[in-house]
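Visitor: I would like a close look at a single part of this model, taken slowly and with its surroundings included. Please start from one residue and work outwards from there.

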Amino acid sequence: ISDFVIGAIIVGVGTSFPELIVSSMGALDGKVDVAIGNVVGSNIFNILGILGVTALLHPVAVKSENNRFELPLCIGASIFVTLLAFNFFCGSDIVIGRVDGLLLLAIFVTYIYISFLRDRKKSKITPVSNKPVAAPQSLLKASLRTIIGLAVLIVGCDFFVESAVNIATEWGVNEAFISITLIACGTSLPELAASVAAAAKRNTELA
């Protein structure tokens, strides 16, 4: 599997667990501003902040195949969610309901499936390099390291978000502002850490 697909799916999903947890808890508690503000703010921080830092550390090369598929899909997903938020497809009072959620998840699963298919097809026609490669870790060891790493990231971000909310609340700042700024940046720290680490190793595709 290519570094780009690993970054877009495995690392992307893994480092987005804090956003998933915070937004889910916000939705369950009826805090709509936290749920949607965290998602929107995190995407803004990812694209502008994290990509900006990554490019400062090492120039980011974007392949033409990514310009044809992944980047247009990223733009399309943002437009689609915006249309849902403005009730473009139906006139109900619910902004983004369960049916919309199922539709978004279905599109996401389809994207993962198509990405793996495209990547596997590409790997079959790409000549195998004769360069020596380092011996891979065992699957069990790699899986355990991944789980432990994600757990540490999630716990660390949870501490950050909780503290940031307490500070902002003391300052009298509303939930919408907290979620789209402090919470969004806090839950995006794993993406920042992963992208900086990848850029330091000159693996900008993963970033």
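Guide: Let us begin with A184, which, once its neighbours within four places in sequence are left aside, is in contact with G37, N38, G41, S42 and S179. Because the model is a predicted one, everything that follows describes computed geometry. A184 is found in helix α8, and it counts as buried because its relative accessible area is 0%, where the cut-off for buried is under 20%. The contact with N38 bridges a long stretch of chain, since A184 and N38 are 146 residues apart in sequence and yet 4.7 Å apart in space, C-alpha to C-alpha.

The helix that carries A184 deserves a description of its own. Helix α8 covers residues 175-187, and whereas a straight helix of 13 residues would span 18 Å at 1.5 Å a residue, α8 spans only 15 Å between its end C-alpha atoms. At the start of α8, the backbone nitrogen of A176 has a side-chain oxygen of N174 within 3.3 Å. Along the helix, the buried residues are I178, S179, I183, A184, G186 and T187. As background to such a list, an α-helix has 3.6 residues a turn, so residues three or four places apart point the same way. C185, by contrast, counts as partly exposed because its relative accessibility is 29%. Another cysteine, C74, is also partly exposed, on account of a relative accessibility of 37%. The count of disulfides in the model comes to zero, with a pair of cysteine sulfur atoms required to lie within 2.5 Å.

From α8 the view widens to the largest nonpolar core, which has six residues, namely V22, V34, V161, A168, I178 and I183. Helix α7 (139-170) and helix α8 each supply at least two residues of this core. V22, one of the six, touches V34, N38, I183 and T187 when residues up to four places away in sequence are not counted. N38 therefore appears twice in this account, because it is among the contacts of V22 and also among those of the buried residue A184.

For a second buried site, consider S115, which is found in helix α6 (residues 98-125). S115 counts as buried because its relative accessibility is 2%. Its side chain has a polar atom 2.8 Å from the backbone oxygen of Y111, and, not counting residues up to four places away in sequence, S115 touches V5, I9 and F69. S115 and I9 are 106 residues apart in sequence, but their C-alpha atoms are 8.8 Å apart in space. Both V5 and I9 are listed among the buried residues of α1, together with F4, G7, G14 and T15. Helix α1 (residues 3-15) spans only 16 Å between its end C-alpha atoms, whereas a straight helix of 13 residues would span 18 Å at 1.5 Å a residue.

Towards the other end of the chain, R202 is found in the segment after α9 (189-200). R202 has a positive phi of about 60° although it is not a glycine, and it counts as exposed because its relative accessibility is 64%.

These local views fit into the chain as follows. The protein chain contains nine helices and zero strands, and from the N terminus on its elements run α-α-α-α-α-α-α-α-α. Of its 207 residues, 23% count as buried, A184 and S115 being among the buried residues. Among contacts in the protein chain with a separation of 6 or more, 72% join residues 24 or more positions apart. The protein chain exposes about 13900 Å², of which carbon and sulfur atoms supply 71%.

Terms used: Residues are numbered from 1 along each chain as its sequence is written. This is a predicted model: local features need pLDDT of at least 70, side-chain atom pairs count only at pLDDT 80 or more; totals for chains, interfaces and linings use all residues. Side-chain values use heavy atoms; hydrogens and water are left out. Buried means under 20% relative accessible area, exposed over 50%, partly exposed in between (1.4 Å probe, protein chains only). Helices (H or I, at least four residues) and strands (E, at least two) are DSSP runs, numbered from the N terminus. The expected span of a helix is 1.5 Å times one less than its number of residues. A polar contact is a pair of N or O atoms within 3.5 Å; within protein, one must be able to donate a hydrogen and the other to accept it, and residues adjacent in sequence count only if both atoms are side-chain atoms. A nonpolar core is a set of buried Ala, Val, Leu, Ile, Met, Phe, Trp, Tyr and Cys residues joined through side-chain atoms within 4.5 Å. Contact means heavy atoms within 4.5 Å. Accessible areas come from the Shrake-Rupley method with a 1.4 Å probe; for residues, only the protein chains shown count as cover.
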